[in-house]
Amino acid sequence: MINKMEYTADSPKSSVRNKLLIAFFLVLALSGIIFNIVFIHFIQSTLTTAGSDSNLINTMTRKFTIIGSVITIAAIIIVLLISRVLSETITRPIKKLTEGMLEIAREQWSTRIDMSSNDEFGQLARGFNFMVEHIEDAMLKLKAAKEYTDNILLSVPSIMIVLSNRFNILSTNMAFEKLKAQYPGLTLSQFTVPLEDHIKSNLDTGVTIKKEITVVPDGSEVSLIFTAIVSRIGDSGAKNETEKASILLTITDVTERRKMKELVLQSRQDWEDTFNTIPDMITIHDNDYNIIMANTAAKDTLNLHLIDFKKTTKCYRYYHGTSSAPEGCPSCECMKTAAPSTFEIYEPHLKKFIEIRSIPRFNNSKQLIGLIHIVRDISLRKSIE
């Protein structure tokens, strides 16, 4: 089998020009011999018929044989020289085309064949140049697309591993090298081995699989958490076919994300624990006077344990026992003024003296979205007073 990158245009053992010269030589030599034989036979017959002496006939035959041979040889030499020149005009364009094709094979896309003749070879050269221009344009577009894809792959933070249908690793992107520089003991097999069953399943069914794996690089005590996506590439994953790219593993490091999530959950739990241990009632309201959150003290006092805060839960119903906001409610005024306020009232519905601190809630656009009520039972203090 010829390697296309090592092929060179060696001198052919049997060229068109040599074949033409041999053909001309054989035709001319055979024609000269036949012509001489016929011509001498004609001379002999003519002289014999005329009654010429046999010595004269032999002498004339020898002379015409020598002259005919010389003429034949001279004619052969002249015709061969002419044939050589003519064959050169035929083989030179072919040689140019061959050299041009070899340059294209070496990816010299700027190669053009300069041939100004208007014959078939000139037509072939112009067709060759036209073809190469289109190939060059297509290759430039392909190169630009490849560079664009490579830039995307370089910027992707996820590790991408291409596997064959025989589970061999074919390629990976730079994200793995960057991670390996941080953890030298990290190997690609630490990603592929835990996913073997999922890879086989994907080859059989073609269904994309998402799995979370934990990897501990050799020589390190750090546990790295990754989200792995096993997806099919290509049209078939049959194991009995020629080895080809069939599986793409997309490995995303979610270690920091998981830590942040756990930290947020822990912070939320700590906040809720603190929120619920405060003895004062705390309720958070939206701008339609619905209670959307309450601590344990508020749930106990206002009997909110069985309430679904995703539904309508009007604060005045639980604080005042009314079907609408009472007139002159300081909290309602706080909704209008968007300023915090503190007031003390006796609430008949709760049968308590309470101190209410009403604090406005704002979003990132500085728009009022509700209130925070901090309510303290001051009945004992009022009784003492």
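The largest cavity in this predicted model has a volume of about 130 Å³. The count comes to one cavity of 30 Å³ or more. Seventeen is the number to keep in mind for its wall: of the 17 lining residues, the closest to the centre are Cys315, His320, Cys329, Ser331 and His373. Which elements give two or more residues to this lining? They are helix H9 (315–319), H10, strand S8 (341–347) and S10. The lining divides into 13 nonpolar residues, four polar and no charged. Empty space of this kind is found by rolling a probe the size of a water molecule over the atoms.

One of those lining elements, H10, also carries a salt bridge. The side chains of Lys336 and Glu333 meet there, at 3.9 Å from N to O. A salt bridge is counted when the two atoms lie within 4 Å. Lys336 and Glu333 are three residues apart in helix H10 (residues 330–337), so about one helical turn separates them. An α-helix has 3.6 residues a turn, so residues three or four places apart point the same way. Lys336 is exposed, with a relative accessible area of 65%. Glu333 is partly exposed, at 37%. Elsewhere, salt bridges with shared partners join Glu344, Arg381 and Lys382 into one network.

How many salt bridges does the structure hold? There are ten. Among them is the pair Glu212 and Arg258, whose side chains meet at 2.6 Å, N to O. Glu212 lies in strand S3 (residues 209–215) and Arg258 in helix H7 (residues 255–277), so this pair ties together parts that are 46 residues apart in sequence. Glu212 has a relative accessibility of 40% and counts as partly exposed. Arg258 is partly exposed as well, with a relative accessible area of 26%.

Another bridge links Asp280 to Arg376, with the closest N and O atoms 2.8 Å apart. Asp280 sits in the loop between H7 and strand S6 (281–286), while Arg376 belongs to strand S10 (residues 368–377), so the pair ties together parts that are 96 residues apart in sequence. Is Asp280 buried or exposed? At 13% relative accessibility, Asp280 counts as buried. The cut-off for buried is under 20%. Arg376 counts as partly exposed, at 43%.

Now turn to the strands. Strand S1 (residues 159–164) and strand S5 (residues 245–253) run antiparallel and are joined by six bridges. One contact to look for is Ser164, whose bridge partner in S5 is Ala245. S5 is also joined to strand S4 (residues 224–232), again antiparallel, by seven bridges. Here Val230 has Leu249 as its bridge partner in S5.

Next comes helix H2. What span should its 52 residues have? At 1.5 Å a residue, the expected value is 76 Å. The end C-alpha atoms of H2 are 73 Å apart, which agrees. Thr91 is found in this helix, which covers residues 54–105. At 18% relative accessibility, Thr91 counts as buried. Compare its place with that of Ala297. Thr91 and Ala297 are 206 residues apart in sequence and 104 Å apart in space, C-alpha to C-alpha.

Some backbone angles deserve a look too. H2 is followed by Glu107, whose phi is positive, near 65 degrees. Asn303 has a positive phi near 60 degrees, in a residue other than glycine. Asn303 lies in the loop between helix H8 (296–302) and H9. Its relative accessibility of 61% counts as exposed. Lys351 is not a glycine, yet has a positive phi of about 60 degrees. Lys351 lies in the loop between S8 and strand S9 (352–362). Lys351 is exposed, with a relative accessible area of 67%.

Note on methods
Residues are numbered from 1 along each chain as its sequence is written. This is a predicted model: local features need pLDDT of at least 70, side-chain atom pairs count only at pLDDT 80 or more; totals for chains, interfaces and linings use all residues. Side-chain values use heavy atoms; hydrogens and water are left out. Helices (H or I, at least four residues) and strands (E, at least two) are DSSP runs, numbered from the N terminus. Buried means under 20% relative accessible area, exposed over 50%, partly exposed in between (1.4 Å probe, protein chains only). Two strands pair if DSSP finds at least two bridges between them. The expected span of a helix is 1.5 Å times one less than its number of residues. On a 1 Å grid over the protein atoms alone, a cavity is a set of points where a 1.4 Å probe fits but cannot get out, and a pocket is an open set with protein on both sides within 12 Å along at least five of seven lines; lining residues have an atom within 4 Å of a point. Grid points are joined across faces, edges and corners, and a volume is the space filled by probe spheres set on the points. Ala, Val, Leu, Ile, Met, Phe, Trp, Tyr, Cys and Pro count as nonpolar, Asp, Glu, Lys and Arg as charged, and the others, Gly among them, as polar.
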